[in-house]
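Please take a moment with the sequence and the structure shown here before reading on. The paragraphs below are meant to be read with both in view.

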Amino acid sequence: MKKRARLPGLVATAATLALALSLSACGDGNGGASSDDGKIHVLVYGDASNKVEQQIVDTFNKTSDVKAVLDTIPGADYQTKLQTIINTPQAPDVFFNWGGGSIKPFVKADLLLPLDDFIKKDPDLEKKFLPSVFESAVVDGKPYGVPMRGTQPVLLFHNKKVLDDAGVQPPKTWDELLAAVDKLKDAGVTPIALGGGDVWPTQMWFQYLYDRIAGPELFAKAVGGDKSAWESADSKKALDMIKELVDTGAFGKNYDSVKYTNGGSVQLVASGKAGFELMGSWYYSQQLTDHKEFAEKDLGYTTFPSVEGGKGDPASVAGNTNNYYSVMKKTKHPEAVAEFLKLMYSDEFVKAQLDIGNLPTTTNTDKFIDSSGTPEYSRFQYDLVSKAPSFQLSWDQAYPQKASSDLHKAVQQFFNGQLDTDGFIKAMQALPTD
Amino acid sequence: MTTQTTSARPGFVWALPAAVFFALFAIVPLIMVAVLSFMSWDGISPPEFVGTDNWSRLADDPVMLNSVWLTLLLTALGVALQTPLSILLGVWAAGHQRNRAVLSVIYFIPLLLSATAVSVLWRALLDPNFGIPADATWLFGDGNLFGEQATAIGVLAFVSTWQFTPFHTLIYQGAARAVPQVLYQAAEVDGAGRYRQFFHITLPQLRTAMITSMILMIVGGLTTFETVLILTQGGPGTDTTISAYYMYDKAFKSFDYGTGSAIALALVVAATVVSLIVVRVSGYDKMRSSMEGVS
């Protein structure tokens with residue numbers, strides 16, 4: 001009797017041990033790059049563009065002995081997950097990033113492979129990409145990324161009908177923009193839609209104005225660690241102009257409650273309640289999805305206006321230059337990775353990207369634009385980017401990732417008056433630059 | 001036979017699986033967080049021991065201090081709004097009125113939605129140009145609910161009330177049903193009206209339920225997170241940055257896991273202390289019978 005009664009206890013103990021063992025086995029992990037399962041792992045931001053990435057991986061696998069595997073992580077979790085695994089055995093061989101500050105900490109921690117050797121063996125790996133775009137993944141003078149996906153310059157979009165009704169032309173200069181704001185206000189619409197609830201759209205106004213007024217050098221200095229740049233006369237001038245624009249009511253009164261990500265600001269422009277919106281080039285396909293008729297008939301776009309007396313070239317652009325593939329130093333198959341990266345300037349890649357609305361930044365893109373879905377818009381963007389003397393990477397991408405939260409706070413607080421000029425300058429100077 | 005009855009009783013070994021899991025997923029991480037709070041770690045480079053740096057920096061950090069105040073404010077608002085509402089609803093739902101079951105099901109729906117869905121829903125409903133504020137400008141003015149601290153906090157309190165009142169109603173409904181009917185019958189004989197019955201019988205009898213519900217509200221309030229993440233992202237600026245969100249912001253957005261861990265640990269301590277205080281003050285620990293006065 002006694003023996004029988006003890007059985008459940010033994011079972012429970014055994015079960016517990018078994019569970020504990022299986023759990024610790026999970027921790028060892030397999031399938032990661034460094035555990036060397038004979039494959040190269042490509043980690044990407046999970047979204048609609050994965051279709052093309054999978055296609056390229058499949059093409060690569062047809063000829064390569066070392067097979068590639070595409071691992072996707074849902075977009076919202078990508079950065080956190082990447083940061084968590086990058087210094088563990090689960091790290092990928094090749095991974096998606098935004099260039100600039102997004103890879104700087106990894107370079108500093110000596111995790112990434114400089115691509116000099118790859119480029120020496122195949123100069124096309126550099127030459128086949130637009131220089132201003134390739135530049136964005138250069139850290140401390142060494143290239144660490146090969147462009148993939150498409151470029152995303154920020155453009156000034158508008159509702160043609162609203163502008164016509166108010167007797168306004170798309171502005172070429174800052175003064176014209178101010179005049180347009182006045183006329184749109186008189187016409188009873190919000191002059192400029194802004195999804196301030198997301199904060200990053202607000203930041204776009206800062207990065208463009210700074211670029212127009214001071215040229216790209218000021219921000220380059222600041223992000224390089226020279227914090228005095230924020231106190232310069234140009235910096236203060238840019239802030240004054242932003243303040244002036246906000247105070248005239250250009251963005252209305254409730255921009256901080258409006259979001260771009262839930263379609264709020266998009267609808268403001270589409271429904272004719274607002275005239276302009278400053279947004280990345282993905283705006284066009286967003287409008288096309290949300291408000292097809294409007295996008296086809298009345299959606300206009302132009303470049304950010306020039307600023308009189310500014311040191312920046314009006315042809316310069318700001319935004320996300322591109323996404324990049326970077327390579328982990330500890331990859332076991334550098335040759336296979338080099339071969340894989342070559343596909344990023346292949347004709348197949350360019351065509352597939354154009355088909356889903358992305359605009360690749362390779363030199364052969366030109367040939368395929370006219371057969372793309374929106375040739376006129378693609379052409380406009382491509383000409384803009386290829387002729388731009390400089391491409392200002394979005395501030396929150398240029399700074400190390402750990403600065404972005406405080407950067408966003410400062411931008412929002414300056415915009416809604418919680419910080420004055422000095423407060424904003426102090427907040428920017430407090431941002432970590434490495 | 002006597003041996004069988006004693007040994008068949010659940011012994012410590014029965015609790016072992018649960019204990020192991022609890023240790024693995026609660027105790028061990030808690031210890032790791034405690035250790036991490038004395039280190040500087042960005043998630044990539046090896047962690048570095050920095051002593052009490054994280055803690056002393058937090059003590060001087062205006063955002064942290066403000067976040068504690070905001071957390072307490074939101075928790076208090078939650079208790080103040082949800083308690084009366086759920087008591088009234090719960091007592092009502094414990095009765096036998098017509099359509100009660102149908103209505104109960106309807107007001108129960110918010111609880112079935114995830115906090116994320118609820119937040120996304122209200123963010124859209126409160127859009128200043130296309131949501132409710134656009135149609136009720138007499139109430140909302142220019143609709144800048146998320147652009148001002150006071151209204152943003154108001155929205156957060158409202159949304160959690162909307163979501164969690166059904167749950168607490170359920171607690172009160174169960175408790176109200178357990179009140180012995182003889183009490184009401186006796187009161188009626190004595191000539192007490194509905195209001196007197198409510199204040200002198202129902203409410204005192206609900207005391208234990210009230211404590212349970214309030215502890216849950218307080219702990220829930222201290223750890224509120226998703227609503228802030230989705231509705232305001234701690235903004236405008238840092239105006240709605242409650243402690244739990246600040247922890248996330250530090251650890252997972254600014255990759256400062258040391259500071260994040262310190263905030264997390266402080267939250268654990270605070271929630272424990274507050275619960276203990278509520279239990280002690282209310283006399284819940286003495287397990288006084290809710291049937292007192294009956295026997």
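What follows is a walk through this predicted model, beginning with chain B and then turning to chain A.

Chain B contains 15 helices and two strands, and its C-alpha trace extends over about 75 × 75 × 30 Å along the principal axes. Of the 295 residues in chain B, 42% are buried, and when contacts with a separation of 6 or more are considered, 68% of them join residues that are 24 or more positions apart. The area that chain B exposes comes to about 15,800 Å², with carbon and sulfur atoms supplying 70% of it. As for charge, chain B has 14 positive and 17 negative charges, and the mean positions of these two sets are 18 Å apart.

On the surface, a nonpolar patch is formed by B:Val102, B:Leu103, B:Ile106, B:Ile109, B:Leu112, B:Leu113, B:Leu121, B:Leu125 and B:Ile132, which together have about 760 Å² of accessible area. Two elements of chain B, helix 5 (100-112) and helix 6 (115-125), each give two or more residues to this patch, and the largest share, five residues, comes from helix 5. B:Leu113, another member of the patch, lies in the loop between helix 5 and helix 6, and its relative accessibility of 33% is why B:Leu113 counts as partly exposed.

A loop residue with another setting is B:Ser254, found between helix 14 (243-253) and helix 15 (257-282) of chain B. With a relative accessible area of 8%, B:Ser254 is buried, and, leaving aside residues up to four places away in sequence, B:Ser254 touches A:Lys402, A:Ser405 and B:Asp249.

In chain A, helix 17 (residues 347-355) has as its buried residues A:Phe349, A:Val350, A:Ala352, A:Gln353 and A:Leu354. What covers them includes helix 2 (50-63), strand 6 (146-148), helix 18 (365-369) and helix 19 (375-387) of chain A. Just after helix 17, A:Gly357 takes a positive phi of about 90 degrees.

Two of the covering elements, helix 18 and helix 19, can be followed further through a salt bridge, in which the side chains of A:Arg379 and A:Asp366 meet at 2.6 Å, N to O. This pair links distant parts of the chain, with A:Arg379 in helix 19 and A:Asp366 in helix 18, 13 residues apart. A:Arg379 counts as partly exposed at 23% relative accessibility, and A:Asp366 is partly exposed with a relative accessible area of 34%. Elsewhere, salt bridges that share partners join A:Asp47, A:Glu53 and A:Arg149 into one network.

Over all chains the structure holds 18 salt bridges, and one of those in chain A pairs A:Asp165 with A:Lys161, their closest N and O atoms being 3.4 Å apart. Because A:Asp165 and A:Lys161 are four residues apart in helix 8 (residues 160-165) of chain A, about one helical turn separates them. An α-helix has 3.6 residues a turn, so residues three or four places apart point the same way. A:Asp165 is exposed, with a relative accessible area of 59%, whereas A:Lys161 counts as partly exposed at 48%.

Finally, A:Asp175, A:Glu176, A:Asp240, A:Glu244, A:Asp247 and A:Glu308 gather on the surface in a patch of negative charge. Helix 9 (174-186) and helix 12 (233-247) of chain A each give two or more residues to this patch, and helix 12 provides the largest share, three residues. A:Glu176 belongs to helix 9 and, at 38% relative accessibility, counts as partly exposed.

How values were computed. Residues are numbered from 1 along each chain as its sequence is written. Chains are lettered from A and ligands numbered from 1 in the order in which they are written. This is a predicted model: local features need pLDDT of at least 70, side-chain atom pairs count only at pLDDT 80 or more; totals for chains, interfaces and linings use all residues. Side-chain values use heavy atoms; hydrogens and water are left out. Patches are made of residues with over 30% relative accessible area and no salt bridge: like charges are joined within 9 Å, nonpolar side chains (Val, Leu, Ile, Met, Phe, Trp, Tyr) within 5 Å. Accessible areas come from the Shrake-Rupley method with a 1.4 Å probe; for residues, only the protein chains shown count as cover. A salt bridge is a side-chain nitrogen of Lys or Arg within 4 Å of a carboxyl oxygen of Asp or Glu. Buried means under 20% relative accessible area, exposed over 50%, partly exposed in between (1.4 Å probe, protein chains only). Contact means heavy atoms within 4.5 Å. Lys and Arg count as positive and Asp and Glu as negative; His and the chain ends are not counted. The place of a charge is taken as NZ of Lys, CZ of Arg, CG of Asp or CD of Glu.
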